[in-house]
Each structure stands twice: as C-alpha cells, then as structure tokens.
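Biologist: Could you take me through a close look at one part of this protein? I would like the second largest pocket and the helix that gives the most to its lining.

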Amino acid sequence: MALASRLLSRSTRQLCAGQVVLRPEHAVPVRSFAKEAAAPTTLKGDQVLKDIFYEVKNKLETAIGVLRKEKITIDPEDPAAVSEYAKVMKSVRQKANLLSESEIIKFNIEVETHEIPDARTYLLKLKEMRVKRGLIDSQGIEDLQMAALDKVEKELKKPLLRNDKKGIALLTAEFDKINQKLGIRKEELPKYEEQLELKIAKAQLEELKKDALEAMETQKKREEFKDEEMPTVKSLDIRNFI
C-alpha cells in the first residue's frame, strides 16, 4: 500500500481537492461570516464539504482503477519505462478529470506568487518551486533571466516591480532575446510540455524506486524474510500492491 499511495502523489491528491474547492458552485459568500449577516437557513458549509469529499473520493477511485489495469516498470533509467509511465499518468488525469503537470505548475505559480510585488523575488520563487519539484534547469535559463533583470534594473536605476508596465515590457523583450538565442519558440510549446511531462515522470519514478528499495530493506530485517532473496525493483508489478 505504501507504493500505491506513492503513485497517487501528493500533488495529484492535493489537486483533486483543489480543483473541486476552486469551482464557483462550491464558493461560500464571505458575507455569511459577517456579524450582521442573517443566519443561513441551511448548513451550506457542511454540504460543500460533503460534496468535496465525494468528488475527491470518486477521482481517487477512478485513478486507482486505471493503475490496477496498467503495467508500470519502476526503472527511471529506461526511457521506454519513463515514457510508458508518463502515458499511464496522462490516462489517469484524463479519466479522473485532473490537470496536467504543466497546468498544476501554472496553478501553483499563480497561488504562490500573486502577492509578490517585485520581479526579482518572483524569479527566485520560481527557482525554489523548480528545485522542490526535482526539475533541472539544464540550459541555465534562470541565470540568463537574472542577468537580464540586472540589466533592466540598472537601466531603470531601481528595483523592477511587477506592476511597472514599462519595466516589465523591457524585461519581456530581454526574455524574448534569451528564447531566440536558445531556440525556444512559442509555437513549439506542446513539445516543451511533453518534455516537461517526461522529466516529471522520471523524477516520480526515481521517488518510487527509492520508496521500493527502502520498503524491501525494511522487510529483509524481519525474521521471516531473512533468508529470502529480494526481487529487483523493476521486476515489481505495482498492480499487486493496489
């Protein structure tokens, strides 16, 4: 069960709840919490929580249903295994009506940065989020962006605020130059999204492999398994653990 719960990663489980909570029909008017507001005639808050619980439950059951049918090979070093894992997780998202990994990242960025006033802190927060997700900036884009920000702030002679339209326009122009230099084109965004999905799939498989190895090491210490030979991680069939 530990491996199964790992497959339904923290981000996926949180997203199940998040997508439900953010829907307009589940919003509770702020006025109902004000002192002068009349007492609500129904237990709307309780009903909202009940609806959220059942929707999350249905999404998780749908996700587990897909994982029970699909073979996943825990081998992050095998491109074919990574690609197949990414396809399985995409199928989970589609059937359980969940966001894609890039949509999750966009949502998290909006949530965690909406109160950040300046461009430098914003870029540092993006770097922090990337590191937490185990993604690698292989092209050194963050350093290039920071250099571009230094250039713009030097020209403005002040820190760049996100509500400074003129300053942001200058920074955007510098970022466009970086994209052109690196060969990054807007029309190829679907390809970049697919590459991102594969990177995240590999990172998740690495976490699964680590969890599986730790679980097997713990099991080997038990007396009844002391003389048994442990299987290789990539030979495990996760469907047997769900």
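Modeller: Happy to; here is the pocket, followed by that helix. This is a predicted model, in which local features need pLDDT of at least 70, side-chain atom pairs count only at pLDDT 80 or more, and totals for linings use all residues. Residues are numbered from 1 along each chain as its sequence is written, and side-chain values use heavy atoms, without hydrogens or water.

The second largest pocket has a volume of about 300 Å³. A pocket here is an open set of points on a 1 Å grid where a 1.4 Å probe fits, with protein on both sides within 12 Å along at least five of seven lines, and lining residues have an atom within 4 Å of a point. Of its 14 lining residues, Ala86, Lys90, Arg93, Glu194 and Glu197 are the closest to the centre. By class, the lining has 7 charged residues (Asp, Glu, Lys and Arg), along with 4 nonpolar and 3 polar ones.

Two helices, α4 (79–96) and α9 (189–220), each supply at least two lining residues; helices are DSSP runs of H or I with at least four residues. α4 gives the most, with 6 residues.

At the N-terminal end of α4, Asp78 acts as a cap, with a side-chain oxygen 3.1 Å from the backbone nitrogen of Ala80. Along α4, the buried residues (under 20% relative accessible area) include Tyr85, Met89, Ala86 and Arg93. After α4 comes Asn97, whose phi is positive, near 60 degrees.

Conventions
Points joined across faces, edges and corners; volume = space filled by probe spheres on them. Buried < 20%, exposed > 50% of the residue type's maximum accessible area, 1.4 Å probe, protein only. Polar contact = N/O pair within 3.5 Å; in protein donor to acceptor, adjacent residues only side chain to side chain.
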